[in-house]
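Subject: Structure handover and notes

Dear colleague,

I am passing on the structure we spoke about, together with my notes on it. Please have the sequence and the model open beside this message as you read.

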Amino acid sequence: MLVVQFVLATIILCPILAFIVTQIICRKIRLGKHKAIGYSADVTTGLLFFSVPIAIQALWDKSVVIPVLVTALIIAILFTYIDWRTKKEIEVKPLFKKIWRIYFILLSITYFLIWAVGLTHSVIIFMMVD
């Protein structure tokens, strides 16, 4: 049970690892480069929804689960509205894919910014101790 907890914690806290592992698996089953990247991004997006709030909680002791979900909902509403206004006929699967990829981009940028801030904070704390 401890091994399973460790693996899940590692995947949740290191989405880049999940991206790489998914990419390797997709390439082994001979998916095209673009499809492999797409599947890897899809898997990683789900993990980023957990990782970003956990990282913010760890750094600043603030819960941002609700703001992250509300932001995701607002993005989905905006993209649905834009799609409806431009096409008049909403195609659910391409719309969902577009929204999910936007989540991937935004959450990845947020995750790496949080990572950089946390690393900088740790270095500053380390330097102050000496």
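What follows goes through the salt bridges, the pocket, the nonpolar patch and a few single residues.

Please keep in mind throughout that this is a predicted model, and that the values below are computed from it.

**Salt bridges**

Side chains of opposite charge can pair when their charged atoms come close. In this model the count comes to 3 salt bridges, and I take them one at a time.

Arg-101 and Asp-42 meet through their side chains in a salt bridge, at 3.0 Å from N to O. Because Arg-101 belongs to helix α5 and Asp-42 to helix α3, this pair ties together parts that are 59 residues apart in sequence. Arg-101 counts as partly exposed, since its relative accessibility is 26%, and Asp-42 counts as partly exposed as well, at 24% relative accessibility.

The other two salt bridges have Asp-83 as a partner. With Lys-87, Asp-83 forms a salt bridge in which the closest N and O atoms are 3.3 Å apart; both residues lie in helix α4, where they are 4 residues apart, or about one turn of the helix. With Lys-98, the side chain of Asp-83 meets in a salt bridge of 3.6 Å, again taken from N to O. That pair links distant parts of the chain, with Lys-98 in helix α5, Asp-83 in helix α4, and their positions 15 residues apart in the numbering. Through these shared partners, the salt bridges join Asp-83, Lys-87 and Lys-98 into one network.

Is Asp-83 buried or exposed? Asp-83 has a relative accessible area of 4%, which is under the 20% cut-off, and therefore it counts as buried. Its partners fall into the middle class: Lys-87 is partly exposed, with a relative accessible area of 45%, and Lys-98 is partly exposed, with a value of 35%.

**The largest pocket**

The largest pocket has a volume of about 280 Å³. Which elements give two or more residues to its lining? They are α3, which runs over residues 33-60, and α5, which runs over residues 92-129. The largest share of the lining, 6 residues, comes from α5. The residues that line the pocket are His-34, Lys-35, Gly-38, Tyr-39, Asp-42, Lys-93, Pro-94, Phe-96, Lys-97, Trp-100 and Arg-101. Sorted by class, the lining holds 5 charged, 4 nonpolar and 2 polar residues. Asp-42 and Arg-101 are both among these lining residues, and they are also the two partners of the 3.0 Å salt bridge described above.

**The nonpolar patch**

On the surface there is a nonpolar patch of about 1,200 Å², made by Ile-16, Leu-17, Ile-20, Val-21, Ile-24, Ile-25, Phe-112, Trp-115, Leu-119, Val-123, Phe-126 and Met-127. The elements that give two or more residues to the patch are α2, residues 15-28, and α5. As one example from the patch, Val-21 has its place in helix α2 and counts as partly exposed, because its relative accessibility is 40%.

**Single residues to look at**

Most residues other than glycine have a negative phi. Where, then, does Arg-30 lie, given that its phi is positive, near 65 degrees? Arg-30 lies in the loop between α2 and α3, and it is exposed, with a relative accessible area of 76%. Asp-61 is another residue that is not a glycine and has a positive phi, in its case about 55 degrees. Asp-61 is found in the loop between α3 and α4, the latter covering residues 65-87, and it counts as exposed because its relative accessible area is 61%, which is over the 50% cut-off.

Finally, Ile-66 lies in helix α4 and is exposed, with a relative accessible area of 58%. Ile-66 and Leu-17 are 49 residues apart in sequence, and their C-alpha atoms are 26 Å apart in space. Leu-17 is one of the residues that make the nonpolar patch.

With best wishes

Definitions and conventions: Residues are numbered from 1 along each chain as its sequence is written. This is a predicted model: local features need pLDDT of at least 70, side-chain atom pairs count only at pLDDT 80 or more; totals for chains, interfaces and linings use all residues. Side-chain values use heavy atoms; hydrogens and water are left out. On a 1 Å grid over the protein atoms alone, a cavity is a set of points where a 1.4 Å probe fits but cannot get out, and a pocket is an open set with protein on both sides within 12 Å along at least five of seven lines; lining residues have an atom within 4 Å of a point. Grid points are joined across faces, edges and corners, and a volume is the space filled by probe spheres set on the points. Ala, Val, Leu, Ile, Met, Phe, Trp, Tyr, Cys and Pro count as nonpolar, Asp, Glu, Lys and Arg as charged, and the others, Gly among them, as polar. Patches are made of residues with over 30% relative accessible area and no salt bridge: like charges are joined within 9 Å, nonpolar side chains (Val, Leu, Ile, Met, Phe, Trp, Tyr) within 5 Å. Accessible areas come from the Shrake-Rupley method with a 1.4 Å probe; for residues, only the protein chains shown count as cover. A salt bridge is a side-chain nitrogen of Lys or Arg within 4 Å of a carboxyl oxygen of Asp or Glu. Buried means under 20% relative accessible area, exposed over 50%, partly exposed in between (1.4 Å probe, protein chains only).
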